Structure formats: structure tokens, C-alpha cells
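The exercises below ask the reader to work through a structure step by step, moving from a single residue to a sheet and then to side-chain contacts. Please keep the sequence and the coordinates at hand while reading the solutions.

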Amino acid sequence: LDNYDLYLISSSYEGFGIALLEAMATGIPALVSDIPVFREVASDTVLYFSLEQPAQLAQALRAIYEGKISLTGHSLAGQKQAAKIASSESYLKSLNSIYKKYS
């Protein structure tokens, strides 16, 4: 991942989005398909495109290439988001809420 400039994924379905989370954690900006799980994982820290409108992907790539979209902010925001949702504290909090719900 250290050699990536951009993480691009065009999935129509993902169970959790661990690969996206790993890219975000390492500071790689991401351009991803607009599916619910990616919204849940990344919130507004990545760039999205519609699978139903492939021209959006081409437009986003062109804008990045031409410098019209800066990826630096997405990189930093992604790292913060990944740390927030994948930290041990966050995991334990989620796990505790599940135990409380079913106990």
C-alpha cells in the first residue's frame, strides 16, 4: 500500500470494507463506489462515484489528474476516521453495547 497514490474500488457489495479501512489507515486517499458499507466506514472522508453512472468515475479521475481535486485533505481525514472506528476503544465500546443489548 505504501506505493499507492489512490485506492480505487468499484464493489457493488462488501461485507465490511476492511480493505478500504486499511487504505484509509495508511493515509491513502480513496475513490470508491457509493454503497452503504463504504458510507458507514468512510463517512465523508473519501470520494464516491455511482456504479450506475460510470462517467462519474472518469470525471473524478480526470479531476484528480488535473489537480482540480486535492487528495491531501482526504488522506488526513481518512486516517482520522480509520483511527476513530478501528481503535481498540471503539471496538470495546461496540462490543459492550452488543452485550448489554442481549444480556
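Throughout, a residue is called buried under 20% relative accessible area, exposed over 50%, and partly exposed in between, with a 1.4 Å probe and protein chains only. The model is a predicted one, in which local features need pLDDT of at least 70 and side-chain atom pairs count only at pLDDT 80 or more, while totals for chains, interfaces and linings use all residues. Residues are numbered from 1 along each chain as its sequence is written, and side-chain values use heavy atoms, with hydrogens and water left out.

**Exercise 1.** Locate S43 and assign its exposure class.

Solution. Helices (H or I, at least four residues) and strands (E, at least two) are DSSP runs numbered from the N terminus, and on this basis S43 falls in the loop between helix 2 (36-42) and strand 3 (47-49). The relative accessible area of S43 is 32%, so the residue is classed as partly exposed. As for the backbone, phi of S43 is near 55°, a positive value in a residue other than glycine.

**Exercise 2.** Describe the sheet and the helix that packs on it.

Solution. Two strands count as paired if DSSP finds at least two bridges between them. By this criterion 3 strands form an open sheet, in the order 1-2-3 and with parallel pairing. Strand 1 (7-9) and strand 3 are the edge strands, each pairing on one side only. From one strand to the next the twist averages 20°, where axes are lines fitted to C-alpha atoms (for helices over the stretch in contact) and angles run from 0 to 180 degrees between N-to-C directions. Helix 3 (residues 54-65) packs on this sheet, touching strand 1, strand 2 and strand 3 (contact meaning heavy atoms within 4.5 Å), and its direction makes about 175° with that of strand 2.

**Exercise 3.** Characterise the surroundings of S33.

Solution. S33 belongs to strand 2, and its bridge partner in strand 3 is F49. With a relative accessible area of 0%, S33 is buried. Leaving aside neighbours within four places in sequence, the contacts of S33 include I9, S10, F38 and Y48. The side chain of S33 also reaches the backbone oxygen of S11 at 2.5 Å.

**Exercise 4.** Is S75 buried or exposed, and which residues does it contact?

Solution. S75, placed in helix 4 (residues 72-86), counts as buried at 13% relative accessibility. Beyond neighbours within four places in sequence, S75 is in contact with G27, I28 and P29.

Notes:
Polar contact = N/O pair within 3.5 Å; in protein donor to acceptor, adjacent residues only side chain to side chain.
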